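Student: I would be grateful for a close look at a single part of this model, followed outward into its surroundings. Please proceed residue by residue where that helps.

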Amino acid sequence: MTVVEPFGLSVQDRDLTRDVQAGLDAVEAALGEAVKSDVPFITVTASHLLEAGGKRFRPLLLLLAAQFGDPGAPGVVPAAVVVELTHLATLYHDDVMDEAPVRRGAPSANSRWDNSVAILTGDFLFSRASQVLSDLGPEAVRMQAEAFERLVTGQILETRGPGQDMDPLLHYLDVLEGKTGSLIAVSCRIGALMAGAERELVDTLGEFGERIGIAFQLADDVLDIASDGHESGKTPGTDLREGVPTLPTLLLQQMPADPADPDDARLRELLDQDLSDDDLHAEALRLLRAHPALERARAETLRRAEEARALLAPLPDCAAKAALEGLCDAVAIRTM
């Protein structure tokens, strides 16, 4: 068994391992070129998060989806560069909105420089993604544009919050489908498209990407509470501090209060307060880590990963299919 980074994906097929790793290496090299500018300062800011690392989850999925056609087709690696540049750009903007001091274990761009530099650097990366995308054909451009619209819509929905008559949990899942599911879905879809896969496979892989993307974000949200920050690369409890609802807190709100448990009452009280205070934030994080709502969030993440796995059933049996099935396990294992 071989472990292919990123994401600790176990692949038992040596040929697939070689192909995927070669593809990831090519993507990494192309990303390094794509962030270069004639203005040295822009090169520094645009390289900041790239050099901090990352899972390269979207390029990985794209390369695996390309295995259902011709993985060596000329558009595959550039398409992976497009989706990762888009993802990187959104991180610069997210950190400004969240006022996050850390990203991928390094100071965020907005804390190292300022908000204006971070926002404009994200815009620069979007422009570079568009340049690469323009060579991939009108259908790829349409797919990426639709995904980007959904991504921005998800961010707007999150910023605006749920309406008075909307279930906060359903609103949360709508946000996830836009902010996270859309770009991961298009990663699978464009990967298969660039490889010349049959239309039915393109659509199935796109739907799989949507579902695994949601499970991926749910796992991230569990990690945001449960981890010490080393695995997620982010300051633990960032969403909790900012008052951003995630699956653990939304599930807690749906659970009946336990009058016999003082920790439950205290946690609910804290979640209604401003958690920008370090001591209050630490207390809330400690109590939420011990609350049954976190275990329910883990169980829901597992269920979503299994939904994604079920979509793979009609795909032809091959090493890439087995790898995607293993990826469902890897997403879930991150929550443990």
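Tutor: The natural starting point is Arg241, which is found in helix α10. The model is a predicted one, and what follows should be read in that light. With a relative accessible area of 27%, Arg241 is partly exposed, because that value falls between the 20% and 50% cut-offs. The C-alpha atom of Arg241 is separated by 18 Å from that of Leu91, although the two residues lie 150 positions apart along the chain.

Helix α10 also leads to a pocket. The second largest pocket holds about 210 Å³ of space. It is lined by 16 residues, and those closest to its centre are Gly243, Val244, Pro245, Thr249 and Leu271. Two elements, α10 (238-242) and α11 (247-254), each give two or more residues to this lining. By class, eight of the lining residues are nonpolar, five are polar and three are charged.

A further contact involves Gly237 and helix α13. His281 is found in that helix, which spans residues 278-290. A polar atom of the His281 side chain lies 2.9 Å from the backbone oxygen of Gly237. The relative accessibility of His281 is 5%, so this residue counts as buried.

From here the description can turn to the nonpolar interior. The largest nonpolar core has 73 residues, and those with the most contacts inside it are Leu61, Leu125, Phe208 and Ile212. Helix α4 (residues 76-98) provides the largest share of this core, namely twelve residues. Domain 1 (15-196) and domain 2 (231-335) each supply at least three residues to the core.

Leu61 directs attention to helix α3, as one of its buried residues. This helix covers residues 57-66, and ten of its ten residues are buried, so α3 is largely enclosed by the rest of the structure. The buried residues include Arg58 and Pro59 as well as Leu60, Leu62, Leu63 and Leu64. Arg56 is found in the loop between α2 (40-51) and α3. Although Arg56 is not a glycine, it has a positive phi of about 55 degrees. Its relative accessibility is 7%, so Arg56 also counts as buried.

One last site offers a contrast in exposure between two residues in contact. Asp317 is placed in the loop between α14 (292-311) and α15 (319-333), while Lys321 is located in helix α15. Their side chains are joined by a polar contact of 3.0 Å. Asp317 is exposed, with a relative accessible area of 72%, whereas Lys321 counts as buried at 7% relative accessibility. The side chain of Lys321 also reaches the backbone oxygen of Ala313, at 3.0 Å. Lys321 thus has side-chain contacts both with the side chain of Asp317 and with the backbone of Ala313.

Asp317 can finally be placed relative to the pocket-lining region. Its C-alpha atom is separated by 34 Å from that of Leu247, with their positions 70 residues apart along the chain. Leu247 falls at the start of the range given for α11 (247-254), one of the elements that line the second largest pocket.

Note on methods:
Residues numbered from 1 in each chain as written. Predicted model: local features only at pLDDT ≥ 70, side-chain atom pairs only at ≥ 80, totals over all residues. Heavy atoms only, no water. Helix = DSSP H or I, 4+ residues; strand = E, 2+ residues; numbered from the N terminus. Buried < 20%, exposed > 50% of the residue type's maximum accessible area, 1.4 Å probe, protein only. 1 Å grid on protein atoms, 1.4 Å probe; cavity = no way out; pocket = protein on both sides within 12 Å on 5 of 7 lines; lining within 4 Å. Points joined across faces, edges and corners; volume = space filled by probe spheres on them. Nonpolar A, V, L, I, M, F, W, Y, C, P; charged D, E, K, R; others polar. Core = buried A, V, L, I, M, F, W, Y, C linked by side-chain atoms within 4.5 Å. Domains from an automatic or database assignment. Polar contact = N/O pair within 3.5 Å; in protein donor to acceptor, adjacent residues only side chain to side chain.
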